[in-house]
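Please find below my comments on the structure, arranged as numbered points for your review.

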Amino acid sequence: MTQRKASTPVTIEDEARAAEILGRVRRMEVRTNRLVDDSMAGRYASVFKGRGMDFDRVRNYVPGDDVRTIDWNVTARTGEAHIKLFTEERELTILLMIDVSASSDFGSVAASKRELAAEAAGVLAASAIRNRDKVGLILFSDAVELYIPPGKGRMHIMRLIRETLFFKPKQCGTDISKALDFANQVIHRKSVIFLVSDFNLGTPFEERLYHLRNKLQVTNRRHDLIAVSVTDPREESLPDVGRILIEDAESGQVVEIDTGNAKVRSAYEKQARKRREMTAFHIRSLGVDLLEFVNGKTWLPALMGFFNSRRHRSG
């Protein structure tokens, strides 16, 4: 795991690449700011603000006070009923956990899954900053690749977007459990965690999913965990283009598939659907919210719908 005080460096020999990166990050920032309008920021604030309470002091109980707030220790010590007073916790910590394994670079449309994740993370970060919350970042593969502690400000958001888009991980695989363990170690205060991944767990899939379920449960007890699934249409179905070679980006395994065979295409779709449904079932069975974004499709309405449903549940 790498914790860096400075952004990932760009070499002099790669000036053209540096210019491209800077341009894309700026364009991403402009689009992110456009998406985070007053309506979006308002939804964010209504869901996450005021949910935490900090202890302030105790005072004597007066008729009409909520008996559930009685401080029994002070009451027993003084012989008079006292209640606890709390103040609203105004600042939250948002932690973005982004999967940057090799499979995240896949995209059958104009953008990759990683670019979609970066844009969604940028919108969440901008909403948090607009409400004066702190935002941190964990990039992970089958190891924690980068950790940026929670911070504030425009330059901080720019850095988060830049790293999410262009950080070069050392590993290829996916180990969400290890990343969750790390988050629980470094984030001590109850926070809101957005876990963004394609949930490509490798094989044996069901065994790894069961193990992940336990880690999700632990993290959700300590924090407010929200899962964001990022998939690509080609991961759900195959086109009829004859025999093709498919390489697993994470394992490097290459297999030949006859996409001209309807049974082969049907089996591929069935397996993809089964894994997606199993993943969604295990996540939601823990009480963890799950947002499902598909590369190439508009995802903002799903995010705003999530905020609306959260607000109604807590209202």
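The points below go from the chain as a whole to its cores, its main pocket and one histidine.

1. The model is a predicted one. Its protein chain holds 9 helices and 10 strands. Of the 315 residues in the chain, 46% count as buried.

2. On contacts across the sequence: taking the contacts in the protein chain with a separation of 6 or more, 75% are between residues 24 or more positions apart. The surface can be put in similar terms. About 16500 Å² of the protein chain is exposed, and 51% of that comes from carbon and sulfur atoms.

3. The largest nonpolar core has 44 residues, and the members that touch the most others are Phe-48, Leu-96, Ile-98, Phe-194 and Leu-303. Helix H4, residues 113-130, gives the most to this core, with 11 residues.

4. Ile-98 deserves a separate entry. Leaving out residues up to four places away in sequence, Ile-98 touches Ala-117, Ala-121, Leu-137, Ile-138, Leu-139, Phe-140, Thr-164 and Val-196. A second core, separate from the one above, has 28 residues, with Leu-95, Tyr-147, Leu-216 and Ala-280 among them.

5. Turning to open space, the largest pocket has a volume of about 1300 Å³. How many residues line the largest pocket, and which lie nearest its centre? The lining comprises 41 residues, and Asn-200, Glu-235, Asp-248, Tyr-268 and Arg-275 are the ones nearest the centre.

6. Which elements build this lining? At least two lining residues of the largest pocket come from each of helix H7 (205-222), strand S7 (224-231), strand S8 (243-247), strand S9 (254-258), helix H8 (262-284) and strand S10 (289-294). H8 supplies the largest share of the lining, 8 residues.

7. Sorted by class, the lining of the largest pocket consists of 17 nonpolar, 12 polar and 12 charged residues. Anyone assigning charges or protonation states for this region will want that breakdown to hand.

8. Is His-156 buried or exposed? The relative accessible area of His-156 is 13%, which is under the 20% limit, so His-156 counts as buried. His-156 sits in helix H5, which spans residues 154-166. Apart from neighbours within four places in sequence, His-156 is in contact with Val-135, Ile-148, Pro-149, Pro-150 and Gly-151.

Notes: Residues are numbered from 1 along each chain as its sequence is written. This is a predicted model: local features need pLDDT of at least 70, side-chain atom pairs count only at pLDDT 80 or more; totals for chains, interfaces and linings use all residues. Side-chain values use heavy atoms; hydrogens and water are left out. On a 1 Å grid over the protein atoms alone, a cavity is a set of points where a 1.4 Å probe fits but cannot get out, and a pocket is an open set with protein on both sides within 12 Å along at least five of seven lines; lining residues have an atom within 4 Å of a point. Grid points are joined across faces, edges and corners, and a volume is the space filled by probe spheres set on the points. Helices (H or I, at least four residues) and strands (E, at least two) are DSSP runs, numbered from the N terminus. Ala, Val, Leu, Ile, Met, Phe, Trp, Tyr, Cys and Pro count as nonpolar, Asp, Glu, Lys and Arg as charged, and the others, Gly among them, as polar. Buried means under 20% relative accessible area, exposed over 50%, partly exposed in between (1.4 Å probe, protein chains only). Contact means heavy atoms within 4.5 Å. Accessible areas come from the Shrake-Rupley method with a 1.4 Å probe; for residues, only the protein chains shown count as cover. A nonpolar core is a set of buried Ala, Val, Leu, Ile, Met, Phe, Trp, Tyr and Cys residues joined through side-chain atoms within 4.5 Å.
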